[in-house]
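Here are my notes on this one, in the order I jotted them down. Have the structure open while you read.

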Amino acid sequence: MKLGCHVGMSGKDMFLGSVKEAIGYGCDTFMVYTGAPQNTRRKPVEELNVEAGQRLMREAGITEFVVHAPYIINLANTVNPDTFELAVDFLKLELRRAAAMGSRTLVLHPGAHVGAGEDAGIAQIVRGLNEVFAAVPAGEEKCFVALETMAGKGSELGRSFEELARIYDGVWENNRLRICMDTCHMSDAGYPVRDDFDAVLTGFQRYFPLKEIACIHLNDSVNAQGAGKDRHANLGFGTIGFDALCAVTRRPEFAETPIILETPYVPRPGSKTRDLPPYKHELAMLREGSFREDLLARIQAEAE
């Protein structure tokens, strides 16, 4: 298993700090944003402390990490040309930045059609990806764009394997695309992640070989299957359940696939601003294969 979680990147250590945080949780891999996911403010790659971070990765035996593109990128927008152009231009920069940092996977939310309709939105995503790939040559060190499976909230696209396949079909250099599976999103989109994950993979393979799965976001869901709402829950505290999620990590098909937790922080008693990361405890549960009902209380008690 390659288990990890989302970690931060800020302060003077930047990427080195990300690696330190991942090691502190016991990660085999990890995921970072190159800056705040809600905006386009980014430091130059030269200021990210990449070499020191890569050196610490090697010392810790971590061979792979994932970069997540910011949420503000919306390649599906046909309503506002400025939004689309910003998305294309910034995705070019993020793809170059992720490759320069040494990542092979840049996770991307496909986008939302904002009322223009599924067909128009998918065509616009295809157009945007074609522009990005034309402007950013693959080079020797490839960084793939991994389209994330989405919950279907609002007008967002990528809520089905068929929609993702339609994007693949339109992109000229679709060998540069991959898929990021999100368990919460797939369940909220209607896939039986809890009760029949074999059926989920069978459905996926109608459109893609399993090798197209570049990474997995392992999250429980607050909502019932098919709710289309996208709200993550801590492992075992949602509607998918710990056993089903733990079983995903043990599938031989995913032995070399980065599996990333994006579960919610736990409220710190007496504080409204400093929540507690659950990742060290959740990763330990997955490795042990045993759910702890007192997980949240244990995390809170450790912080006192």
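1. Let's start with a loop residue. Asn-49 is partly exposed at 26% relative accessible area, where partly exposed is the range between buried (under 20%) and exposed (over 50%), using a 1.4 Å probe and protein chains only. Asn-49 sits in the loop between E2 and helix H2 (50-60); helices (H or I, at least four residues) and strands (E, at least two) are DSSP runs numbered from the N terminus. Its phi is near 60°, a positive value in a residue other than glycine. Asp-230 is another non-glycine residue with positive phi, near 65°, and its place is the loop between strand E8 (220-221) and strand E9 (232-233).

2. A word on what we're looking at. This is a predicted model, with local features needing pLDDT of at least 70 and side-chain atom pairs counting only at pLDDT 80 or more, while totals for chains, interfaces and linings use all residues. Residues are numbered from 1 along each chain as its sequence is written, and side-chain values use heavy atoms, with hydrogens and water left out.

3. How many aromatic pairs are there? The count comes to 13, taking rings of Phe, Tyr and Trp (its six-membered ring) with centres within 6.5 Å; planes under 30 degrees apart are stacked, over 60 edge-to-face, and the rest tilted. Take Phe-15 and Phe-65: the ring centres are 4.9 Å apart and the planes are at 45°, so this pair is tilted. Phe-15 belongs to helix H1 (residues 15-25) and Phe-65 to strand E3 (residues 65-68), so the pair ties together parts that are 50 residues apart in sequence. Both rings belong to buried residues, Phe-15 at 0% relative accessible area and Phe-65 at 2%.

4. Phe-65 has another partner. With Phe-30 it forms a stacked pair, 5.3 Å centre to centre and 10° between the planes. Since Phe-30 lies in strand E2 (residues 29-32) and Phe-65 in strand E3, this pair ties together parts that are 35 residues apart in sequence. Phe-30 is buried too, at 0% relative accessibility.

5. Further along the chain, one aromatic cluster is formed by Phe-161, Tyr-168, Tyr-191, Phe-204 and Phe-208. Phe-161 and Tyr-168 are also among the buried residues of helix H5 (residues 161-170), together with Glu-163, Leu-164, Ala-165 and Ile-167. What covers the buried residues of H5? The cover includes helix H4 (118-135), strand E5 (144-148), strand E6 (177-182), helix H6 (183-188) and helix H7 (197-204).

6. Check Arg-178 as well. Its charged end sits over the ring of Phe-144, 3.9 Å from the centre; the rule is NZ of Lys or CZ of Arg within 6 Å of the ring centre and within 35 degrees of the ring normal. Phe-144 also turns up beside Thr-105, a residue of strand E4 (residues 105-108). Beyond its neighbours within four places in sequence, Thr-105 is in contact (heavy atoms within 4.5 Å) with Val-66, Val-67, Cys-143, Phe-144, Ala-146, Ala-214 and Cys-215. Thr-105 is buried, with 4% relative accessible area.

7. Last, the helix packing. The axes of helix H3 (residues 81-101) and H4 come within 9 Å and cross at roughly 40°; axes are lines fitted to C-alpha atoms, for helices over the stretch in contact, with angles from 0 to 180 degrees between N-to-C directions. H3 and H4 are therefore oblique to each other, as angles under 35 degrees count as roughly parallel, over 145 as roughly antiparallel, 65 to 115 as roughly perpendicular and the rest as oblique. Residues making the contact include Phe-84, Val-88 and Leu-91 of H3 and Gln-124, Arg-127 and Gly-128 of H4.
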